[in-house]
Amino acid sequence: MELYHDQGYLFISVLVNSNSDLIRLINNGIKNDLSSRNPTFMNLALHCIANVGSREMAEAFASEVPRILVAGDTVDSVKQSAALCLLRLNRTSPDLVPMGEWTARVVHLLNDQHLGVVTAATSLITTLALKSPDDFKTSVSLAIARLSRIVTSASIDLQDYTYYFVAAPWLSVKLLRLLQCYPPPEDAALRSRLTECLETILNKAQEPPKSKKVQHSNAKNAVLFEAIALIIHHDSEPTLLVRACNQLGQFLQHRETNLRYLALESMCTLASSEFSHEAVKTHMETVINALKTERDVSVRQRAVDLLYAMCDRSNAKQIVAEMLSYLETADYSIREEIVLKVAILAEKYAVDYTWYVDTILNLIRIAGDYVSEEVWYRVIQIVINRDDVQGYAAKTVFEALQAPACHENLVKVGGYILGEFGNLIAGDSRSSPLVQFNLLHSKFHLCSVPTRALLLSAYIKFINLFPEIKATIQDVLRSDSQLRNADVELQQRAVEYLRLSCIASTDILATVLEEMPPFPERESSILAKLKRKKGRGNLPDIDEARKNVNVNGNGNSEPSDKIEATNKSSPPLVADLLPTNRPRPVSSSTFMFSPGSTVSSPSFTDLLNLNSTPSAGNTLLVDVFSDNSTFSATEVSEENFARFICKNNGVIYENQLLQIGLKSEYRQNLGRMYVFYGNKTSTQFLNFSTSVTSTDILRTQLNIHAKTVDPVIEGGAQVQQILNIECLSGFTDTPVLNVQFRYGGMMQNISLKLPVMLNKFFQPTEMSSQDFFQRWKQLGAPQQEVQKIFKSKHPMDAEVTKAKIIGFGVALLEGVDPNQENFVGAGVIHTKSIQVGCLLRLEPNVQAQMYRLTLRTSKDSVSQRLCDLLSEQF
């Protein structure tokens, strides 16, 4: 009979799906076994309920299992199984597990003579205490009593529960973790007994090992680190905190990499305590040495974290210098984070702000590619807010710009600061107005469009500051390269700035181009970015004062009515100080000429939609949608894929747990995609990993390299992953992004089509009417043309259509087609192997609500793919 039961439950657990209709039919059999009082049958039934773990199981047995658990006549093995079964049901269906009189009785299982029952009950009580702490606060005294008996007993007393000379290590760890659900006990006797337990654990760590086996040290250290975690959690016993710090300090040079890692991580938290901060600082030289000599990058990163956490006014200059020194050889994966931390520390502990300016410029010189916009925005904000450093900043940045090879971020800082404060150094003939202008303009042709836009703003500022070089600057603004620039933003700035300089009186010019006012006080945007990057739970506070960072300026520059506080649940990303999104003409009535004068701090969803052109319909808006199906996706999602054909930024996937956003940029055959994973819950995502998969054919056509992503995402936090993309040849398939993580004890799987399409590698091409039709005739072979006539799926709005064609990647050619209602575009697809020219013509028929789309390229497969993609947008 027992054999048949065993085989039957094995079949159910292994082969029956948790949502199968068969589950409902076997529930009666399970009920019979639970009431049979036969321990074997009861254990089999409880194991089956836990293994299947479906909602139907929880509904049927959530009230029955607690009754078995606290029944006085239940045997130990069944109690153990019942506790673990209830733990499983609570994790899968917490709303169905009833709280009742059994909760007070289950706490007393901590006194059970059978340590297996105590271990299982401790796991259950810990989970339930996190959910409802008041119902289980009586567990604190029982847990301390049980822990005391374990740590003071000889290893032989516990017999089967002694592991390599360590008494019940896993139960000790669970009890210590349970105590971390509550503050220090108020009862003095209880508190004293807990302190004795923790001191005993620390003392045992100092004893010579009783075995050379790795299992012995692992078990002993597991208990030790959990005890230290409890000491840190209580943060109330100075002696214990200092002892814990000294114990961890011994591990900093241990031969085991894992111990060094854990010691550094724990000391980061100890550094935030007023009782142990000074003790942590005594290990600074050891940590600096670890930064230089560690082989494992994760340990080096923890060393950076600890240096950041232990930093204060007494050691700031040394720590910043060491971080800058390490930055030159640091792993690429952690350079951006080190840059952020150096910038924060330099600002936080800058007694002399000339040191701050020198540090940030040095930072840009060493790791310019990793200096995010927030960092160079921040140095500008601080310089503007502090009169005493403005002259020094202008002089220093002027000297830095004279280097033959300057990073573009330095050019941005230089353009902004000299545009505002260049007059402070203009009295020296070596930095006269003309010399300053020529120095900046010598960098102009090497810079990207946003930086050129900033420099043009600096030039118009120079006209106000230095009237004597007005004619020279006007000649530059008047040149064909500016007034006929292919980029609409640069062209418009040149035209408007030139016109302003010609028609405005000196007084009006001085009013419009006056010096930027001080930024309002708010949290540093750099600190906010670091919090988002690390997750709030992983970012150590340096001290109590550090929790409210003393800042000298606004994290962002924007109209005061739009300033919003940093939102933990929807982390903001800082927009560009100089928006150059196309097509979006700047209103001629809004003269925001100072670089940085139009920045905002949008929400995550808002930011990712920056490049969308406003439209009458909903076709270009990001939809925040919810997936009400199960979280474990088995099919590849492509619901939002089509929306990204004509735009690069937006939210591509969202359900109740996770939001995935994209921000992409492409140049010739190369692309970079920033993928933002936002945890919408208050619980950690564990074992978080991603991969990008492609078909065999696509792998020969498209190369995608994904940088690693943090395996833990804190609740409410957001992490970023960078994908580097290279187009090798024309392609039609689509890569798939696979995301896996553990939430609530269950693995979540999400797969979605990644919006990397052939049109992303377009280079817009401006052409005259004559050149266009000449090229159109050259591409007249039948295999070079693809034409499609289709019904309009959206309102036929001309402005929206223009925006989509530009978003598709081609240049929109005005006045080329004899019929003004038609749309004509031209561009070149860049791949590593070849370049493919493309001409397109879109003819709308408003009466019939139809379109005719014609594409001509030198390669038929490219024509067909582009036609299929673009026709989906109308």
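Two strands pair if DSSP finds at least two bridges between them, and strands themselves are DSSP runs (E, at least two residues), just as helices are runs of H or I with at least four residues, numbered from the N terminus. With that in hand, we can start with a pair of neighbours: phenylalanine 823 stands opposite leucine 842 in β16. The model you are looking at is predicted, so local features need pLDDT of at least 70 and side-chain atom pairs count only at pLDDT 80 or more, while totals for chains, interfaces and linings use all residues. Residues are numbered from 1 along each chain as its sequence is written, and side-chain values use heavy atoms, with hydrogens and water left out.

Let us stay with those strands for a moment. Strand β15 (residues 823-830) pairs with strand β16 (residues 835-845) in the antiparallel sense over 8 bridges, and the two form a hairpin with 4 residues between them. The pattern then continues: β16 is joined by 8 bridges to strand β17 (residues 850-857), again running antiparallel. Here leucine 840 stands opposite leucine 855 in β17. β16 and β17 also form a hairpin with 4 residues between them, and glutamine 849 in the turn has a positive phi of about 55 degrees. In general, strands of a sheet pair through backbone hydrogen bonds, either parallel or antiparallel.

Just ahead of β15, in the loop that follows β14 (811-812), you will find glutamine 820. Is glutamine 820 buried or exposed? Glutamine 820 is exposed, with a relative accessible area of 62%; the cut-offs are under 20% for buried, over 50% for exposed and partly exposed in between, using a 1.4 Å probe and protein chains only. Glutamine 820 and glutamate 843 are 23 residues apart in sequence, and their C-alpha atoms are 9.9 Å apart in space.

Now step back to the whole protein. There are 35 helices and 17 strands in it, and buried residues make up 54% of its 874 residues. The protein exposes about 38800 Å², with carbon and sulfur atoms supplying 50% of that; accessible areas come from the Shrake-Rupley method with a 1.4 Å probe, and for residues only the protein chains shown count as cover. Looking at contacts (heavy atoms within 4.5 Å), 71% of those between residues at least 6 apart in sequence join residues at least 24 apart.

Among the helices, α23 (residues 408-421) is a good one to visit. Its 14 residues reach 20 Å from first C-alpha to last, close to the 20 Å expected at 1.5 Å a residue, where the expected span is 1.5 Å times one less than the number of residues. Because 13 of its 14 residues are buried, α23 is largely enclosed by the rest of the structure.

Helix α11 (residues 188-206) offers a single residue to follow, leucine 198. Leucine 198 is buried, with a relative accessible area of 2%. Which residues does leucine 198 touch, not counting residues up to four places away in sequence? They are Leu176, Ala227, Leu230, Ile231 and Leu240. Leucine 240 is 42 residues from leucine 198 in sequence, yet 8.0 Å away in space, C-alpha to C-alpha.

Back among the strands, there is an open sheet of 4 strands in the order β3-β11-β10-β7, with mixed pairing. β3 (636-637) and β7 (686-693) stand at the edges, each with a single partner strand, so one side of each is left without a neighbour in the sheet. The partnership of β7 and β10 (residues 736-743) is antiparallel over 6 bridges, and threonine 690 stands opposite valine 739 in β10.

Aromatic rings are another thing to look for. Rings of Phe, Tyr and Trp (its six-membered ring) pair if their centres lie within 6.5 Å; planes under 30 degrees apart count as stacked, over 60 as edge-to-face and the rest as tilted. By this rule the count comes to 20 aromatic pairs. One of them joins tryptophan 376 and tyrosine 377 edge-to-face, 4.9 Å centre to centre with 70 degrees between the planes, and both residues are buried. Elsewhere, ring pairs link Tyr677, Phe685, Phe688, Phe741 and Tyr743 into a cluster.

Finally, tyrosine 164 has a positive phi of about 50 degrees although it is not a glycine. Tyrosine 164 sits in the loop between β1 (162-163) and β2 (166-167), and at 34% relative accessibility it counts as partly exposed.
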